[in-house]
Amino acid sequence: MPISQELVAEMQVLRMFDTSTSQSGLKVHSEASSEIIAATRRLFEKQLTTQVDGGYLTPLGYESSVHLQQLLQILNSKPLL
């Protein structure tokens, strides 16, 4: 399954959320790149965020963001050889 540029942008937005607290939201301003604005809208449409311009993570969005961050930690780690 190829990873489209749209999915990459959505993952970039999910990475911006602070998953150490549920009290931290995100506001994507109109000055952001069109790719990030569109990705933020798609995350809202997928019910991963509470607002079209970011807001807070929904429970599914939180879980997705945590898994994404864990995956990135694994992929960015150096092998123990």
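**Reading the labels on a predicted model**

Colleague: Why is M1 called exposed?

Modeller: The relative accessible area of M1 is 92%. Exposed starts over 50%, so M1 counts as exposed. This is a predicted model, by the way. M1 sits in the segment before α1, which spans residues 5-16.

Colleague: Which residues form a nonpolar patch on the surface?

Modeller: M1, I3, L7 and M11. Together they offer about 450 Å² of accessible area.

Colleague: What makes them a patch?

Modeller: Nonpolar side chains are joined within 5 Å, and each residue needs over 30% relative accessible area. M1, at 92%, clears that cut-off.

Colleague: Step back to the fold. Which elements does the protein have, and how do they run from the N terminus on?

Modeller: Three helices and three strands. The order is α-β-α-β-β-α. The C-alpha atoms fill a box of roughly 45 × 30 × 25 Å along the principal axes.

Colleague: How many of the 81 residues count as buried?

Modeller: The share is 26%. Buried means under 20% relative accessible area. The protein exposes about 5900 Å², with carbon and sulfur atoms supplying 58% of that.

Colleague: What share of the contacts joins residues 24 or more positions apart?

Modeller: 56%, counted among contacts with a separation of 6 or more.

Colleague: Now a single residue. Why is F17 called buried?

Modeller: The relative accessible area of F17 is 3%. The limit is under 20%, so F17 is buried. F17 is found in the loop between α1 and β1.

Colleague: What is F17 in contact with, leaving aside its neighbours within four places in sequence?

Modeller: The partners are S24, G25, L26, T49, G55, Y56, L57, S65 and Q69. Each has heavy atoms within 4.5 Å of F17, because that is what contact means here. E45 is not on that list. The C-alpha atoms of F17 and E45 are 17 Å apart, with their positions 28 residues apart in sequence.

Colleague: How many salt bridges does the structure hold?

Modeller: Three.

Colleague: How do you know that R42 forms a salt bridge with E10?

Modeller: The closest N and O atoms are 2.5 Å apart. The cut-off is within 4 Å, so the pair qualifies. R42 lies in helix α2 and E10 in helix α1, so this pair ties together parts that are 32 residues apart in sequence.

Colleague: What makes K46 and E10 a salt bridge?

Modeller: For K46 and E10, the closest N and O atoms are 2.7 Å apart. That is within 4 Å too. K46 is in the loop between α2 and β2, while E10 is in helix α1, so the pair ties together parts 36 residues apart in sequence. E10, R42 and K46 are thus linked in a network of salt bridges.

Colleague: Is E10 buried or exposed?

Modeller: Buried. The relative accessible area of E10 is 6%, and the limit is under 20%. K46 counts as partly exposed, at 42%.

Colleague: How do you know that D53 and K27 meet in a salt bridge?

Modeller: Their N to O distance is 2.3 Å, and the cut-off is within 4 Å. D53 lies in the loop between β2 and β3 (54-57), and K27 in strand β1 (residues 26-27), so the pair ties together parts 26 residues apart in sequence.

Colleague: Why does D53 count as partly exposed?

Modeller: D53 has 22% relative accessibility. Buried needs under 20% and exposed over 50%, so D53 falls in between. K27, at 49%, is also partly exposed.

Colleague: And R41? Why does R41 count as partly exposed?

Modeller: R41 has 42% relative accessibility, between the 20% and 50% limits. R41 lies in helix α2. Its C-alpha atom is separated by 10 Å from that of V13, 28 residues away along the chain.

Colleague: How many positive and negative side chains are there in the protein?

Modeller: There are 6 positive and 8 negative. The centres of the two sets lie 4 Å apart.

Colleague: Last one. Why does Q47 count as exposed?

Modeller: Q47 has 58% relative accessibility, and the cut-off is over 50%. Q47 is found in the loop between α2 (34-45) and β2 (49-51). It has a positive phi of about 65°, although Q47 is not a glycine.

Technical notes: Residues numbered from 1 in each chain as written. Predicted model: local features only at pLDDT ≥ 70, side-chain atom pairs only at ≥ 80, totals over all residues. Heavy atoms only, no water. Helix = DSSP H or I, 4+ residues; strand = E, 2+ residues; numbered from the N terminus. Buried < 20%, exposed > 50% of the residue type's maximum accessible area, 1.4 Å probe, protein only. Areas by Shrake-Rupley, 256 points an atom, 1.4 Å probe, with all protein chains shown as cover. Lys, Arg positive; Asp, Glu negative; His and termini not counted. Charge placed at Lys NZ, Arg CZ, Asp CG, Glu CD. Patch = residues over 30% accessible without salt bridge, like charges linked within 9 Å, V, L, I, M, F, W, Y side chains within 5 Å. Salt bridge = Lys/Arg side-chain N within 4 Å of Asp/Glu carboxyl O.
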